[in-house]
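Q: Got a minute to go through this one with me? I'd like to start with the fold and then move on to how the chains meet.

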Amino acid sequence: MSIDTINNDFLDLFKQGKSLLDDKSSKFMNTKREEAFEQFKKLGVPTLANENYKYTNLVPVFDHPYTVDLQYRTVMGDLNKLFYCDVPELDTNLVLLSNGWYYNQNRKLDIPEGVIVCSLQEAAEKHSEIFEKHYGKYAKPNEEGLVALNTALAKDGIFIYVPKNVVVEKPIQVINLLRSDRDLMATQRNLVVVEENAQVKLIFCDHTLTEHKYLSNTVSEINVAKNAIFDLYTIQNQHLNAAILNSVFIRQEANSNVLSNILSLYGGIIRNNHYTIFDGEHCENNTYGMYLMDRNQHVDNFTFADHAKPNCVSNEHFKGVMGDEATAAFTGKIHVRRDAQKTEAYQRNNNLLLSNDAVINTKPQLVIDADDVKCSHGATVGQMDDDALFYLRARGIHEEEARMMLMFAFAHEIIEKIRIDALKDRIDELVEKRLRGKISKCSTCAIACHQ
Amino acid sequence: MAKEEQDKILDEVTQSDYKYGFSSDIDTDSIAKGLNEDVIRLISSKKNEPEFMLEFRLNAYRHWLTLKMPEWAHLDIPPIDYQEIIFYAAPVQKAKLESMDDVDPEIRATFDKLGIPLDEQKLLSNVAVDVVMDSSSVKTTFKEVLAEKGIIFCSFSDAVQDHPDLIQKYMGSVVSYRDNFFAALNSAVFSDGSFVYIPKGVRCPMELSTYFRINAENTGQFERTLIVCEDESYVSYLEGCTAPMRDENQLHAAIVEIIVKDNSEVKYSTVQNWYPGNKEGLGGIYNFVTKRGICEGVNSKLMWAQVETGSAVTWKYPSSILKGDGSSSEFYSVAVTNHHQQADTGTKMIHIGNNTKSTIISKGISAGKSNNSYRGLVKVVKNCEGARNFSQCDSLLLGDKCGAHTYPYLEVHNKSAKVEHEATTSKIGEDQIFYCNQRGISTEDAIGLIVNGYAKEVINKMPMEFAVEAQKLLAISLEGSVG
């Protein structure tokens with residue numbers, strides 16, 4: 001199928017399913033939907049001709065007769081019983097999504113008063129004031145075809161609101177379960193609003209529960225107000241038939257502090273679009289990423305730090321290990337706008353290639369229009385340090401084990417940035433398993449997603 | 001230091017004039033403006049070219065018609081009307097130059113003013129020069145001395161007449177006319193250029209140099225350089241360019257092809273000082289150049305060194321294809337932009353042969369309202385074992401209205417490759433200035449010192465004569481700037 005056929009199919013779907021799409025969605029969402037549809041008409045699904053997608057061909061990803069659910073469809077079985085992330089030491093507020101739809105569960109969340117965790121649909125109706133202030137304000141449907149498509153098709157997702165001065169101690173863990181009886185394209189739209197002086201930690205996990213082919217197109221909009229502290233952990237662990245397209249748009253106000261950590265452990269095709277805009281002075285942002293790819297997996301991290309205001313600090317570090325026929329791409333863009341003086345922006349990308357069939361394409365970019373700045377970027381591609389290997393071998397460590405230790409140490413630099421101790425330990429465990437070629441799931445997990 | 005004072009010094013420095021902006025009154029043989037197949041046939045017949053040349057030109061032209069002007073560069077270029085350009089202009093001269101006295105005195109005066117020695121007798125520096133004015137080669141010096149060693153150094157037109165076999169064999173072998181928009185345009189209409197052939201085992205005893213000068217109005221300059229180095233040979237080649245000050249933009253689209261065989265070495269240095277336009281960004285040369293060399297033989301070496309200070313728009317990516325095992329390439333660049341100048345420049349290193357090495361050192365300096373971009377590609381193909389690359393791209397910003405951008409691409413398909421890239425962007429530190437001030441060095445001198453030190457790594461790689469000129473150029477445009 002050509003790209004035109006794919007785009008036209010979406011246009012037809014939108015026209016024909018219009019009434020289903022509008023049903024149960026707020027008027028505001030539907031207006032945005034209309035606008036986004038017009039944008040998508042112009043943009044379409046990004047192709048290789050789009051410089052930002054130079055290394056990820058989305059045509060074969062979209063070229064499949066997926067089912068698109070325009071209305072919530074009940075999946076067999078009760079997810080609450082079927083899925084339990086039984087990690088006593090990882091004490092989180094667990095929220096389930098099913099194929100991008102908020103899943104009504106019987107768990108009671110341990111969150112302070114005033115904090116809202118609900119479905120996007122519900123938020124659009126019940127909390128329309130907050131919703132309309134933020135929805136569709138940070139994502140860029142006019143620039144990014146995937147965002148336009150998401151906004152045009154979005155019906156549900158998660159909505160999180162943390163009011164002023166409230167600190168949510170217990171992290172909120174959002175688990176999106178892809179589970180279907182047929183090949184499925186899921187559209188998920190999230191909105192997170194962290195008000196002044198508030199603090200919250202958010203963990204996004206994706207899981208595939210059945211063997212079907214999945215395409216997930218997720219957009220998350222996050223606004224972090226003055227003095228707020230926000231942590232976002234994205235853990236991607238799907239089967240090989242899943243394509244995850246994940247776009248995150250973060251807007252930071254003055255003095256806010258954001259940590260974002262993207263951990264891609266497994267998955268057929270992963271594309272992360274990570275946008276941060278500094279819309280106030282003295283913000284700090286740390287974005288980290290780790291990708292461990294083998295077989296014929298593909299991961300593409302695209303990050304964009306937009307320094308619109310002076311005196312902000314951004315720090316970015318992505319590391320990857322590629323084996324077998326895995327391919328990876330990294331694009332890091334730092335834009336310092338004309339008046340954003342005293343900006344400090346750093347960026348690093350390190351890669352280990354384990355096989356001659358593995359490919360890494362990296363593209364760190366600096367676009368700088370202000371003079372009083374400190375900016376740097378670095379990228380490396382290489383293998384394990386022979387001296388380090390020799391050191392370990394000289395101490396009687398088997399070569400394979402020594403390599404494992406070095407790889408683990410390589411990845412650990414990213415893991416240690418996690419600010420939730422229990423999660424850090426859990427990821428350490430998952431990564432070690434992953435590197436040893438074992439199934440990377442928690443020992444206590446009941447789901448057999450990799451079989 | 002007070003902000004006003006900084007601005008004042010910055011102004012003084014960045015306002016210094018372009019000293020090569022005069023134009024000479026020389027009779028020019030030019031054709032009507034515009035571009036079509038007849039124009040190409042006319043150029044070809046004027047140059048009395050063999051059939052294969054005309055065919056090459058026409059193929060290129062037909063291909064060019066199918067192409068669109070590339071838009072990916074970080075450049076803001078108004079549309080160019082190719083029908084308003086004169087594609088061929090040559091100074092009128094006598095049939096054949098026998099001695100120095102036959103050269104038009106005006107032309108000699110022009111090059112005297114530019115400091116280019118046409119006169120071999122009075123020559124102090126040991127450099128053979130080929131001079132290209134507008135579209136054609138005016139004079140090549142030291143031709144005979146070189147010929148004794150079997151070295152061919154002549155204008156491209158002469159080479160087409162005297163060595164058609166070599167031209168036919170190598171022309172377009174590195175940069176095909178299908179390569180890009182400007183390569184196709186150049187292949188269709190190029191009028192002259194230089195040709196260098198170094199036979200096996202010969203070490204060229206002197207530096208070879210081409211001096212390009214645009215003089216006539218409304219013309220475009222399209223030249224081609226072809227350098228072929230046989231086994232175990234060496235040559236160092238220099239290129240310099242200037243143009244008069246004019247209010248309209250003039251187009252320059254050149255091609256450079258270099259072929260380096262077993263154990264040979266080529267050094268290619270450029271000081272590009274085309275007229276950059278005035279302070280308001282009016283006029284100036286559009287410089288679109290495709291330069292590429294292939295290290296075909298084992299252990300061959302190719303070095304690019306460039307100082308880019310001129311042109312309103314620079315679009316230039318000298319590249320190396322490292323095909324022979326153990327071949328290596330180095331790229332050293334200083335690009336200075338000021339006022340409304342725009343530069344998008346960098347390199348490509350394509351690693352194909354085993355154990356190939358490349359080094360990229362790029363220093364960008366932006367002032368005024370200019371934009372300066374580094375864009376580069378390092379590619380290691382799948383079967384290339386043991387490739388090594390190191391890239392460093394630094395940008396220095398002088399003033400808060402200019403921009404410095406870096407777009408490196410690293411594509412690695414082999415696990416044994418080691419590829420490193422690093423880039424920094426900064427302004428001159430106040431502590432550095434303070435340190436110099438304390439030791440009695442004025443702010444202006446201190447900046448000159450710092451900028452020179454910053455660019456030293458690149459300038460050191462250039463042949464002596466060029467290094468001096470490059471350093472002077474830097475001093476003119478940058479001394480005294482404070483960020």
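Q: What share of the contacts in chain A with a separation of 6 or more comes from residues 24 or more positions apart?
A: This is a predicted model, to say that up front. In chain A, 84% of those contacts are between residues 24 or more positions apart.

Q: And how many helices and strands does chain A have?
A: Chain A has eleven helices and 20 strands. Of its 451 residues, 64% are buried.

Q: Let's pick one residue. Where does A:Thr303 sit?
A: A:Thr303 is in strand β15 of chain A, which covers residues 298-307.

Q: Buried or exposed?
A: A:Thr303 counts as buried because its relative accessible area is 2%, and the cut-off for buried is under 20%.

Q: What does A:Thr303 touch, leaving out residues up to four places away in sequence?
A: The list is A:His274, A:Glu316, A:Phe318, A:Phe330, A:Thr331, A:Gly332, A:Lys333 and A:Gln347.

Q: OK, over to the interface. How many residues of chain A and chain B are in contact?
A: 36 residues of chain A contact 35 residues of chain B.

Q: What's the area buried between the two?
A: About 2800 Å² is buried between chain A and chain B, and carbon and sulfur atoms give 46% of that.

Q: How many salt bridges cross the interface of chain A and chain B?
A: The rule finds two. In a salt bridge between A:Asp357 and B:Lys382, the N to O distance is 2.6 Å. On top of that count, there are 22 residue pairs in polar contact between chain A and chain B, with both residues at pLDDT 80 or more.

Q: Which elements give two or more residues to chain A's side of that?
A: Those are β19 (359-368) and β20 (374-382) of chain A. The largest share is from β19(A), with ten residues. By residue type, the side of chain A that touches chain B has 15 nonpolar, twelve polar and nine charged residues.

Q: Which strand of chain B does β19(A) pair with?
A: β19(A) pairs with strand β22 of chain B, residues 403-412, in the antiparallel sense over six bridges. One of the bridge pairs puts A:Ile360 with B:Val412 in β22(B).

Q: Switching to chain B itself. How many residues of helix α8 are buried?
A: Nine of the nine residues in α8(B), residues 181-189, are buried, and the helix is described as mostly covered. Among them are B:Phe181, B:Phe182, B:Leu185 and B:Val189.

Q: What do the buried residues of α8(B) pack against?
A: Within chain B they pack against helices α2 (37-46) and α3 (51-65), plus strands β8 (223-229), β10 (249-260), β12 (284-295) and β14 (313-316).

Q: Which residue caps the N-terminal end of α8(B)?
A: B:Asn180 does, with a side-chain oxygen 2.8 Å from the backbone nitrogen of B:Phe182.

Q: Last topic: why is β13(B) called largely enclosed?
A: Seven of the eight residues of β13(B), residues 301-308, are buried, so the rest of the structure largely encloses that strand.

Q: Which strand runs parallel to β13(B) over eight bridges and has B:Lys267 in a bridge pair?
A: That's β11(B), residues 265-272, joined to β13(B) by eight bridges. B:Lys267 has B:Met303 in β13(B) as its bridge partner.

Q: And how does β16(B) pair with β13(B)?
A: β16(B), residues 328-337, pairs with β13(B) in the parallel sense, over eight bridges. There, B:Trp304 stands opposite B:Phe331 in β16(B).

Technical notes. Residues are numbered from 1 along each chain as its sequence is written. Chains are lettered from A and ligands numbered from 1 in the order in which they are written. This is a predicted model: local features need pLDDT of at least 70, side-chain atom pairs count only at pLDDT 80 or more; totals for chains, interfaces and linings use all residues. Side-chain values use heavy atoms; hydrogens and water are left out. Contact means heavy atoms within 4.5 Å. Buried area is the accessible area (1.4 Å probe) that two parts lose on being put together, summed over both. A salt bridge is a side-chain nitrogen of Lys or Arg within 4 Å of a carboxyl oxygen of Asp or Glu. A polar contact is a pair of N or O atoms within 3.5 Å; within protein, one must be able to donate a hydrogen and the other to accept it, and residues adjacent in sequence count only if both atoms are side-chain atoms. Helices (H or I, at least four residues) and strands (E, at least two) are DSSP runs, numbered from the N terminus. Ala, Val, Leu, Ile, Met, Phe, Trp, Tyr, Cys and Pro count as nonpolar, Asp, Glu, Lys and Arg as charged, and the others, Gly among them, as polar. Two strands pair if DSSP finds at least two bridges between them. Buried means under 20% relative accessible area, exposed over 50%, partly exposed in between (1.4 Å probe, protein chains only).
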